[in-house]
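Take a look at the structure below. This report walks through some of its helices, its charged pairs and the place where its chains meet.

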Amino acid sequence: MRKRIGMVTTVLICLALMLVTGCEPADSENTVKVGMVGPLTGGAASYGTSIRNGAELAFDEANESGELGDYTIKFIPEDTESVGTKAGNAFAKLIEADKVSVIIGGVLSAETLTGSDYVKEAKVPAISPSSTAVGITKGNPYLFRNCLSDELQGYQMAEYAVTELGLKKFAILYTNNDYGVSLKNAFVEKGNELAEVVIVETYMDGDENFKPQLTNIKDKNPDAIFIAGYYTEAAKIAQQALEMGLQVQFLGADGFFADELIKIGGDAVEGAYFTAGFFSGDPSPELQDFIKKYKERYKATPDMFAAHGYDAARMIIEVIKKYGPEPEQIRKGLSEIKDFPGVTGSITIDEDGDTIRDVYILQVKDGEFNKIR
Amino acid sequence: MFVQQLINGIILGSTYALIALGYTMVYGIIELINFAHGEIYMFGAFTGMILMTRFNLPFPAALLLAMVTAALMGVTVEYVAYRPLRRSPRLAALISAIGASIFLQNLALLLWGSRPQNFPSPFKIKVYQSSFFSISQLEIIILVISFLLMVGLSFFIKNTRTGKAMRATAQDRDTASLMGININRIITITFAIGSALGAAAGVLVGIYFRTVNPMMGVMPGLKGFVAAVLGGIGSIPGAMLGGLLLGIAEVAGVAYISSQYRDAIAFAILIIVLLFKPSGLVGLPDQEKV
């Protein structure tokens, strides 16, 4: 009896193995492998899955339409579980075991920083659709990104506030992480060049009470407060300022861009301006077409991450079409991208591998987001 | 500006004081640090939010019902997690308290998800300005409710039969029992009152900061504990004083040093108090408890 069970198990295991290996189509010469490194589970999972969905949509479309001629793309996403240290393993696996031609990722800035040396050494290009930390692509010819850097957003907001809105005295309230600090530094630099930053205060993500900082800010009597942080805290800051009788213009960056800003902030965030690299209400046909396709497939509205993931994948497809599927060919192609028509607007890659692109200015008006520029 | 920061500190501190009372009363009676208290506070806030947004109850009714619900919950936690361990070593009850805390957090995560939920304020924003400071109607309401609750509690403990029984139980449980006091009943009442005060703090903080989330009890729970120790754990006036002082210290830290040190300040105070005056500001070395 015992022996029989043993045999049955062996047969079952063999069957399972056959099934697993059987599913994978044999890699022919014409298969181009594209890896992805990002958080698909854990705290930052929503970013990673959005990017994966966007990229997958683009690659499946390209494979079906046959636009790549003889080539088919095989997309291999690797999960970092939102743990920074796992990114290194993911990059190493994609490069050494899967022998990919190009990698989309990392998603989080920490992941991209970890992977930077791997891709440089292996000479495999990588493009991050979401790592916004300052100077991340600098000095590495194999690293690119197609998202908006924090710096650029800070500069543009300061410029817009002074030249278009005529504001002169700024207060800054920033969240104490990479994102908040880069935005703050850029805004301080540009703001002091064009006008005056009178006070800089800080807070931590998850804080609820901003009255102490706002009391200090109120004392300096600024025209506007630039909040370098995310929507929940921004909404609360605006609320509490209103409650203190502090009437100022609120400014921010893409951290503002979530419906919760208006839900929590209510009247207090009305009229607030912020920068963003993506606006789903933009009527451009490329974007609306993408939104429709994405909704059909994933039953969800694409966010900024999905759109950037899609754009990164489209750039890779175009580059393969034009230059070929070898890592070196793709690197060259990516470095020469100019005025690429992405769903998030026109994209140009500069000499550092960074992106030059339009920055949208959005405003909260009558409880909705509106594109101003 | 200093006056304004002081007011900011008192408002924050009054909510810490309400939470600290729950810790200190329970400690006074059964010498247990009820780590699930922060979660009771969180459930109180959620109950208030749900009553006001989904059932459209007016604020006073929602506050009262949230307090009653939390009282029932506190009593249930005591019955399930602490009562069976009454005769066990104190460490066992403490670990059970941590377990109850984790259980309640995860229950809330299951029920409501992890995203912060909006708690709409029932009051129109109205600000009173003077040359030294400004205060909003909402802030006045929070202060008034907290102080009324604290005065009410002090009166209850000092002047009612049950209050006297609570003090007697705190002094010496066995003797009190010999005098005909039903100890289990007193413990139940203590948990009910402490939890109701915690829930009141939760609702007040909810309408003040406009969001609730399942993790909102963790930090205020710890701060409430620090406030109770600062005042002298087991002492009711001590908890009130400790709460206010902690609130003021925190606001001063954020306003004049940096927000990064906010929580560090609270816990540095805890360490210093434990080192130099373990019995707290108000507590006496061998004090009369509750």
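## A long helix in chain B

The expected span of a helix is 1.5 Å times one less than its number of residues. Now apply that to helix α4 of chain B in this predicted model. Helix α4(B) covers residues 90-112, which makes 23 residues. At 1.5 Å a residue, α4(B) should therefore span 33 Å. Its end C-alpha atoms are 33 Å apart, so the expected span and the model agree.

Which residues of α4(B) are buried? They are A93(B), S96(B), A97(B), A100(B), S101(B), L104(B), Q105(B), A108(B) and W112(B). Several elements of chain B help to cover these buried residues, including α2 (37-53), α3 (59-82), β1 (117-118) and α9. Just after α4(B) comes G113(B), with a positive phi of about 75°.

## Helix α6 of chain A

The length check works again in chain A. Helix α6(A) holds 17 residues, 178-194. Its expected span at 1.5 Å a residue is 24 Å, and its end C-alpha atoms are 24 Å apart, which agrees. At the start of α6(A), N177(A) reaches in with a side-chain oxygen, to within 3.1 Å of the backbone nitrogen of Y179(A).

Y179(A) is also one of the buried residues of α6(A). The others are G180(A), S182(A), L183(A), K184(A), A186(A), F187(A), K190(A) and G191(A). What do the buried residues of α6(A) pack against? Their partners in chain A are the helix α5 (150-163) and the strands β6 (169-175), β7, β8 (224-228) and β9 (249-252).

## A buried alanine

Next, pick out A307(A) in helix α11 of chain A, which runs over residues 304-323. Is A307(A) buried or exposed? A307(A) counts as buried, because its relative accessibility is 0%. Leaving aside residues up to four places away in sequence, A307(A) touches F278(A), F290(A), V343(A) and T344(A).

Compare the position of A307(A) with that of I199(A). The two are 108 residues apart in sequence. In space they are 36 Å apart, C-alpha to C-alpha.

## Charged pairs within the chains

Side chains of opposite charge can pair when their charged atoms come close. Over all chains, the count comes to 29 salt bridges. One of them joins K293(A) to E61(A), with the closest N and O atoms 2.9 Å apart. K293(A) sits in helix α10 (residues 285-298) and E61(A) in helix α2 (residues 45-65), so this pair ties together parts of chain A that are 232 residues apart in sequence. K293(A) counts as partly exposed, because its relative accessibility is 24%.

A second pair stays within one helix. E328(A) forms a salt bridge with R331(A), and the closest N and O atoms are 2.9 Å apart. Both residues lie in helix α12 (residues 327-335) of chain A, three residues apart, or about one turn of the helix. With a relative accessible area of 35%, E328(A) is partly exposed.

## A buried pair and its network

In chain B, K223(B) forms a salt bridge with E250(B), the closest N and O atoms being 3.2 Å apart. This pair links distant parts of the chain: K223(B) is in helix α9 (residues 218-231) and E250(B) in helix α10 (residues 236-256), 27 residues apart.

Why does K223(B) count as buried? Buried means under 20% relative accessible area, and K223(B) has 3%. E250(B) is also buried, at 3% relative accessibility. Both belong to a network of salt bridges that links D207(A), K223(B), E250(B), R262(B) and D263(B).

## Where the chains meet

How many residues of chain A are in contact with chain B? There are 26, and they meet 27 residues of chain B. Together the two chains bury about 2,300 Å² between them, with 49% of it on carbon and sulfur atoms. Three salt bridges cross this interface. E243(A) forms a salt bridge with R210(B), where the closest N and O atoms are 3.3 Å apart. The interface also has 16 residue pairs in polar contact.

On the side of chain A that touches chain B, β7 (196-203), α7 (211-220), α8 (231-243) and α9 (259-265) each supply at least two residues. Helix α7(A) gives the most, with seven residues. By type, the residues on this side of chain A divide into six nonpolar, 10 polar and 10 charged.

Methods. Residues numbered from 1 in each chain as written. Chains lettered and ligands numbered in written order. Predicted model: local features only at pLDDT ≥ 70, side-chain atom pairs only at ≥ 80, totals over all residues. Heavy atoms only, no water. Contact = heavy atoms within 4.5 Å. Buried area = accessible area lost by both parts, 1.4 Å probe. Salt bridge = Lys/Arg side-chain N within 4 Å of Asp/Glu carboxyl O. Polar contact = N/O pair within 3.5 Å; in protein donor to acceptor, adjacent residues only side chain to side chain. Helix = DSSP H or I, 4+ residues; strand = E, 2+ residues; numbered from the N terminus. Nonpolar A, V, L, I, M, F, W, Y, C, P; charged D, E, K, R; others polar. Buried < 20%, exposed > 50% of the residue type's maximum accessible area, 1.4 Å probe, protein only.
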